[in-house]
Amino acid sequence: MSVSDSSRAGEILRIFQNRGSRGVWWPGTPEEVVIGAVLTQQTRWENVERALARLKERKLCSIAALHRAAEPKIEDAIRPAGFYRIKTRRIKALASFIIEGFGGIKEMADYPLPELRRMLLDVNGVGAETADGILCFALDKPTLVIDRYTERICGCAGIDERGDRLKSLLESALPDTMTVHREMHAHFVDYGKEYCGKKRCNECGIRKLHA
DNA sequence: GACCAGGTCCTTG
DNA sequence: CAAGGACATGGT
């Protein structure tokens with residue numbers, strides 16, 4: 001990471017802070033956040049909400065219920081979120097990991113962040129974004145979610161890093177609190193939706209940080 | 001009808 | 001490592 005990378009990162013975060021708080025950006029109980037973290041993979045949030053509502057109607061919207069439910073029941077319930085077969089397998093893997101490994105989400109939160117993150121990444125279907133989404137928005141850990149928007153926006157600003165390297169770079173510019181990490185991810189997504197569509201990515205203020 | 005969405009995994013070069 | 005494909009529904 002170069003000096004200019006750090007300064008660009010600082011500028012981006014400052015721009016976001018000036019936009020104000022995003023509030024409760026990822027709604028729901030910790031269990032719903034965990035389930036939603038898988039459902040939202042490559043999927044619009046409105047469709048995730050439909051799937052979550054159907055899980056609730058069928059009394060399947062908890063880690064324990066999903067752990068014990070038959071796969072076809074889950075598949076049918078989450079159909080609106082798309083990729084319903086593979087997501088069912090992923091939810092199953094995650095539920096087993098949580099129930100059999102810890103007993104529940106509460107107990108899981110006692111583990112230290114770096115170790116927990118490594119363990120989550122070993123679960124099939126849980127990549128960096130899903131793991132960090134769970135850690136930050138369900139388990140209250142100060143960790144930054146890096147998604148496509150984050151990479152696009154930072155790339156637009158001239159920061160040529162991605163994945164875990166980008167994550168470290170941005171985190172080193174943030175205070176170590178869960179709230180700030182939540183807010184920043186929310187900003188990246190909201191700003192990305194607003195400005196980083198195919199057409200408008202030349203018009204946003206971030207672009208001016210380049211060079 | 002084409003294109004995309006709050007990704008991840010697996011296979012190939 | 002980079003690139004390409006599979007997974008699937010619903011909105012523009």
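The exchange below takes up the terms used for this predicted model and the values behind them.

Me: What makes this model predicted, and how are residues and chains labelled?

Reply: This is a predicted model, in which local features need pLDDT of at least 70 and side-chain atom pairs count only at pLDDT 80 or more, while totals for chains, interfaces and linings use all residues. Residues are numbered from 1 along each chain as its sequence is written, and chains are lettered from A and ligands numbered from 1 in the order in which they are written.

Me: How do you know how many helices and strands chain A has?

Reply: Helices (H or I, at least four residues) and strands (E, at least two) are DSSP runs, numbered from the N terminus; by that rule chain A has 12 helices and 0 strands.

Me: What does the radius of gyration of chain A agree with?

Reply: The radius is taken over C-alpha atoms, and the globule rule is 2.2 Å times the number of residues to the power 0.38. For 211 residues a compact globule would have a value near 17 Å, and chain A, with 18 Å, agrees; the C-alpha trace spans about 55 × 40 × 25 Å along its principal axes.

Me: Why is a set of residues in chain A called a nonpolar core, and which members touch the most others?

Reply: Such a core is a set of buried Ala, Val, Leu, Ile, Met, Phe, Trp, Tyr and Cys residues joined through C-beta atoms within 7 Å, where buried means that 20 or more other C-beta atoms, placed from the backbone, lie within 10 Å of the residue's own. The largest core has 56 residues, and Leu39, Ala51, Leu94, Ile134, Ile153 and Ala157 touch the most other members. This core draws at least three residues from each of domain 1 (3-23 + 144-209) and domain 2 (30-137), with bounds from an automatic or database domain assignment.

Me: What makes a residue count as near DNA strand B, and which come nearest?

Reply: A residue is near a strand if its C-beta atom, placed from the backbone, lies within 6 Å of it; of the 22 residues around DNA strand B, Gln41, Gln42, Gly127, Glu129 and Thr130 come nearest. Two or more residues of this surface come from each of α9 (128-137) and α12 (178-195), and α9 gives the largest share, 4 residues.

Me: Which residues surround DNA strand C?

Reply: Among them are Gln42, Thr43, Arg79 and Tyr84. Helix α6 gives the largest share of the surface near DNA strand C, 3 residues.

Note on methods
A residue is buried if 20 or more other C-beta atoms lie within 10 Å of its own, exposed if 12 or fewer, and partly exposed in between; C-beta atoms are placed from the backbone.
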